[in-house]
Amino acid sequence: MGQLQPIPAFDDNYIWLLSDGRTALVVDPGDAAVVIEALQRQQLRLAAILLTHHHADHTGGVAALQKQFQVPVYGPQDSPAARLITHPLQDGDRIAIGHWSFSILAVPGHTLDHIAFHCREEKLLFCGDTLFSCGCGRLFEG
C-alpha cells in the first residue's frame with residue numbers, strides 16, 4: 001500500500017506525491033522546487049510523472065523535473081502540453097508504474113484533453129481539476 005501526501009504549491013494548490021517508501025510518482029507538478037524538496041527530505045527516487053491536463057499550474061515543473069530525473073511523463077494524448085509527455089494516454093488505457101496500476105478515464109470539460117488516473121487497488125482517483133470536494137472545476141473548454 002502506498003503513502004499519499006499533498007505537497008502545498010502556489011497560494012491555493014497542491015501536488016500529489018504517492019510513494020512506497022523508496023520510489024514515488026507525482027501528479028500534476030506545477031512547481032518543481034517543492035517536489036524536489038519533498039523527494040530529498042524523504043529520500044525518495046522519482047519514478048514517474050502523471051499529468052491530468054495542460055494548464056501551467058499542473059505542468060509548470062515538468063521540464064525541470066525531467067531535466068533532473070529523466071523519468072516517464074504520462075499525460076493526455078493530443079494535449080497542448082504534448083512536448084512534455086513521453087507516454088500519451090487516452091480513455092480506456094491502462095498503465096503500470098511499480099506496483100501501482102491505473103486505468104485512464106477521459107473527463108473533458110475543464111479542458112478538452114483532461115484525463116483522470118484511477119488506481120482501483122489503492123482506491124485512488126487523480127482527477128486534476130475535474131472534481132473538488134465542494135463541486136466541479138471551472139469549464140474552460142468543451
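The following legends describe close-up views of a predicted model.

**View 1. Antiparallel pairing of strands 7, 8 and 9.** Strand 7 (residues 94–97) runs antiparallel to strand 8 (residues 100–106), and the two are joined by four bridges. At the hairpin end, isoleucine 97 has tryptophan 100 of strand 8 as its bridge partner. Two residues lie between these strands, and glycine 98 of the hairpin adopts a positive phi near 60 degrees. Strand 8 also pairs in the antiparallel sense with strand 9 (residues 115–119), again over four bridges. In that pairing, alanine 106 is bridged to isoleucine 115 of strand 9.

**View 2. The largest nonpolar core and a second, separate core.** The largest nonpolar core holds 22 residues, of which Leu17, Val26, Val35, Leu39, Ile49 and Leu65 touch the most other members. Two or more residues each are contributed by strand 1 (3–9), strand 2 (13–19), strand 3 (23–27), helix 1 (32–42), strand 4 (45–50) and helix 3 (62–69). Helix 1 supplies the largest share, five residues. A second core, separate from this one, comprises 18 residues, including Tyr74, Ile95, Ile97 and Ile115. In soluble globular proteins, nonpolar side chains tend to be buried together.

**View 3. Surroundings of leucine 17.** Residues up to four places away in sequence are not counted in this view. Leucine 17 touches Gln3, Leu4, Gln5 and Ile7, and also Ala24, Leu25 and Val26. Its remaining contacts are with Ala38, Leu39 and Leu44. Leucine 17 is also among the residues that touch the most other members of the largest nonpolar core.

**View 4. Packing of helix 1 against helix 3.** The axes of helix 1 and helix 3 are 8 Å apart and make an angle of about 40 degrees. The two helices are therefore oblique to each other. Helix 1 makes the contact through Ala32, Val35, Ile36, Leu39 and Gln40, and helix 3 through Ala64, Leu65, Gln68 and Phe69. Seven of the contact residues are nonpolar and two are polar, with no charged residue.

**View 5. Positive phi at glutamine 70 and lysine 123.** Most residues other than glycine have a negative phi. Glutamine 70, in the loop between helix 3 and strand 5 (73–76), has a positive phi near 50 degrees. Its relative accessible area is 68%, so glutamine 70 is exposed. Lysine 123 lies in the loop between strand 9 and strand 10 (124–126), and its phi is likewise positive, near 55 degrees. Lysine 123 is exposed because its relative accessibility is 75%, over the 50% cut-off.

Key
Residues numbered from 1 in each chain as written. Predicted model: local features only at pLDDT ≥ 70, side-chain atom pairs only at ≥ 80, totals over all residues. Heavy atoms only, no water. Pairing = 2+ DSSP bridges. Core = buried A, V, L, I, M, F, W, Y, C linked by side-chain atoms within 4.5 Å. Buried < 20%, exposed > 50% of the residue type's maximum accessible area, 1.4 Å probe, protein only. Contact = heavy atoms within 4.5 Å. Axes fitted to C-alpha atoms, helices over the stretch in contact; angles between N-to-C directions. Parallel < 35°, antiparallel > 145°, perpendicular 65-115°, else oblique. Nonpolar A, V, L, I, M, F, W, Y, C, P; charged D, E, K, R; others polar.
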